[in-house]
Amino acid sequence: MDKILVFDFGSQTTQLIARRIRDFGVYTDIVTAESECTPGLLEDVKGIILSGSPYSVYEEGAPVPHPSIYKTGLPMLGICYGFQRMTADNSGEVKALDKTEYGRSAINYKEDSPLFAGIPDGFISWMSHGDSIASLGEGFRLIAESEHHIACGYNEKFNAYGIQFHPEVSHCEHGTDILKNFVTGICGADTGWDMDTYLKQEMEAVRKQADGRDVLLLISGGVDSTVVGGLLLKALDPSKVHLMYIDTGMMRKNESAEVEAGLKKLGAENLYLIDASDRFLTALKGVSEPEKKREIIGDLFIKVQEDEINKRLQGDYMLAQGTLYTDLIESGKGVGKKAQVIKSHHNVRSPLVEAKRDAGLIIEPLGKLYKDEVRELGRKVGISEEIIRRHPFPGPGLAVRIIGDITVEKCDVLREADWIFINELKSRGLYDKIWQAFAVLLPIRSVGVAGDLREYGNVLALRAITSSDGMTADVYPFDTKDILEISSLITNSVRGIGRVVYDISSKPPATIEWE
């Protein structure tokens, strides 16, 4: 099967590059930046992509590709840092900008190129870099410019293209077409990889990893963990699959009852419903720092799981999780050695989880997928459409939607407000138009009037975004009437909330969740 090899220099969008290419039906592998291009690594490879990076090419510790990468004879595409790396490695000049070039920029052609076949001159690209190419490397010629800088170069000797913008992000016009021109046009890669293939491969991998052992899945009832549950029950003997739902006290309204009903429909033989709310709320008492919250929750998840499973299972067992690649890369667990931490996910960077991962005792069949791919996979394993369409919900639950310390009272207030928000979206026909929506309780009080009395109430932020993969996101453009009516309903219905604000930040620069 033809494939494209992506060399990861630590970019937060490396997997997004692979994601876009898989959409064309071309299998994609991601390898570390320093990987040597051996015959085994290059088997069935039709082209190479060098990713972006948070580093400068002249920065100490910046990732450097193995010299063999320039001797493969395969078509190559350098994106942002990848282009700068090719430039610096071939006697060109890269300079730091006085001001980071970030956002939209028009691209103008200097000569025709198959990379831009069918794409109009002057299209709007998406920039995100602090360095610029001052002069092209030896053997490169100028293909296109942005409004201020070199935007694309080509080296015939290496059959290498370099672009200074990011075609993989949804904000880049014709970005998908550019990648497709490279993959199926310039590289000539055949299309033949799909989610059926992925499911078959992962089922085989799960069987091999489990090797006849019991497998425990900490299931939240959300899309990710439910899809993993369905996959495990499809791949393994159901008597070997154990589903454990832990109520942390920070779940959404009616969550536990809905989860129980949904899990029973999966046909699980071993289903454990654990109420550990007192343990979690006690452990989090007085803790405000986001990373500390996530660490406490992650560790306690494992401890509760171990306490409970010891009552039910004997001997060695595997731990399964619904970890997505977005969780891994935001937690600094990208494929390469240079990945940066955006925020720690409790199921990734918890010391106990890491210990189990290092011991080879964790199964994460969604670790190469994005949310939209997970939904597609869920349909393949028979998960109901009601669960498939459910908005993402973080593993730490309301703990990361209450800014500051956690109390029972705050959880109750946020639970009620969030329930009203989501139900209003559903009743107004907006829920399925939105990728993710939720409420955030802020650590401030604002003056207001209740009846004839002056009162200081909590401030609630509403968040609603649109996205295709969770790596980038835009604000959902509510009609003013809808957002005003929802705000009024919340302040009139939930005692303690005196003011509602709407978060209008895109991703980037913000993340989807607040913590």
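**Entry 1: how α4 and α11 cross**

Cut-off first: an angle between 65 and 115 degrees counts as roughly perpendicular. I'm working on a predicted model, and I started with two of its helices. I looked up α4 (residues 195-210) against α11 (residues 371-380): their axes come within 10 Å and cross at roughly 75°. The pair α4 and α11 is therefore roughly perpendicular.

Next I listed who touches whom. From α4 I have Met195, Asp196, Tyr198 and Leu199, and they meet Glu373, Glu376, Leu377 and Lys380 of α11. Sorted by class, this contact of α4 with α11 has four nonpolar residues, four charged ones and no polar ones.

Two of the charged residues pair up: the side chains of Asp196 and Lys380 form a salt bridge, 3.2 Å from N to O. Asp196 sits in α4 and Lys380 in α11, so this pair ties together parts that are 184 residues apart in sequence. I checked how covered the two ends are. Asp196 is partly exposed at 42% relative accessible area, and Lys380 is also partly exposed, at 35%.

Glu373 of α11 turned up again elsewhere: a network of salt bridges links it with Arg19, Arg22, Asp23 and Asp372.

**Entry 2: other salt bridges**

How many salt bridges are there by the rule I used? The count comes to 30. I picked out two besides the α4 and α11 pair.

One is Arg401 with Glu513, where the closest N and O atoms are 2.7 Å apart. It links distant parts of the chain, 112 residues apart: Arg401 is in the loop between α12 (385-388) and α13 (408-427), while Glu513 is in the segment after β19 (497-502). Buried or exposed, I wondered, for Arg401? Arg401 is buried, with a relative accessible area of 1%. Glu513 is buried as well, at 6%.

The other is Asp89 with Arg85, at 3.0 Å between the closest N and O atoms. Both residues lie in α2, four residues apart, which is about one turn of the helix. The general reason I noted: an α-helix has 3.6 residues a turn, so residues three or four places apart point the same way. The two ends differ in cover: Arg85 is buried at 7%, whereas Asp89 is partly exposed at 28%.

**Entry 3: α2 and its flanks**

That sent me to the rest of α2 (residues 81-89). This helix is mostly covered, with seven of its nine residues buried. The buried ones are Tyr81, Gly82, Phe83, Gln84, Arg85, Met86 and Thr87.

I looked at the backbone on both sides. Before the helix, in the loop between β4 (76-79) and α2, is Cys80. Its phi is near 55°, a positive value in a residue other than glycine, and Cys80 is buried at 4% relative accessibility. After α2 comes Ser91, again with a positive phi, near 70°.

His174 also went on my list of positive phi values in residues other than glycine, at near 60°. It is in the loop between β10 (160-163) and α3 (175-186). His174 is partly exposed, with a relative accessible area of 31%.

**Entry 4: cis peptides**

I found two cis bonds in a row. One joins Lys507 and Pro508, with omega about -15°. The next joins Pro508 and Pro509, with omega about 10°. I placed Pro508 in the segment after β19, and Pro509 is in that segment too.

**Entry 5: nonpolar cores**

The largest nonpolar core has 91 residues, and Leu425, Leu460 and Ile490 touch the most other members. Its largest share, eight residues, comes from α13. I followed Leu425 outwards. Leaving aside neighbours within four places in sequence, Leu425 is in contact with Leu430, Tyr431, Ile434, Ala437, Phe478 and Ile486. There is a second, separate core of 40 residues, with Ile4, Ile17, Leu115 and Tyr154 among them.

Last lookup: Leu42, in the loop between β2 (27-32) and β3 (45-50). Leu42 counts as buried at 18% relative accessibility, since the cut-off for buried is under 20%. Setting aside neighbours within four places in sequence, I get contacts from Leu42 to Leu5, Cys37, Ile48, Thr72 and Leu74. I also took its distance to Asp432, 390 residues away along the chain: the C-alpha atoms are separated by 42 Å.

Notes:
Residues numbered from 1 in each chain as written. Predicted model: local features only at pLDDT ≥ 70, side-chain atom pairs only at ≥ 80, totals over all residues. Heavy atoms only, no water. Buried < 20%, exposed > 50% of the residue type's maximum accessible area, 1.4 Å probe, protein only. Helix = DSSP H or I, 4+ residues; strand = E, 2+ residues; numbered from the N terminus. Axes fitted to C-alpha atoms, helices over the stretch in contact; angles between N-to-C directions. Parallel < 35°, antiparallel > 145°, perpendicular 65-115°, else oblique. Contact = heavy atoms within 4.5 Å. Nonpolar A, V, L, I, M, F, W, Y, C, P; charged D, E, K, R; others polar. Salt bridge = Lys/Arg side-chain N within 4 Å of Asp/Glu carboxyl O. Core = buried A, V, L, I, M, F, W, Y, C linked by side-chain atoms within 4.5 Å.
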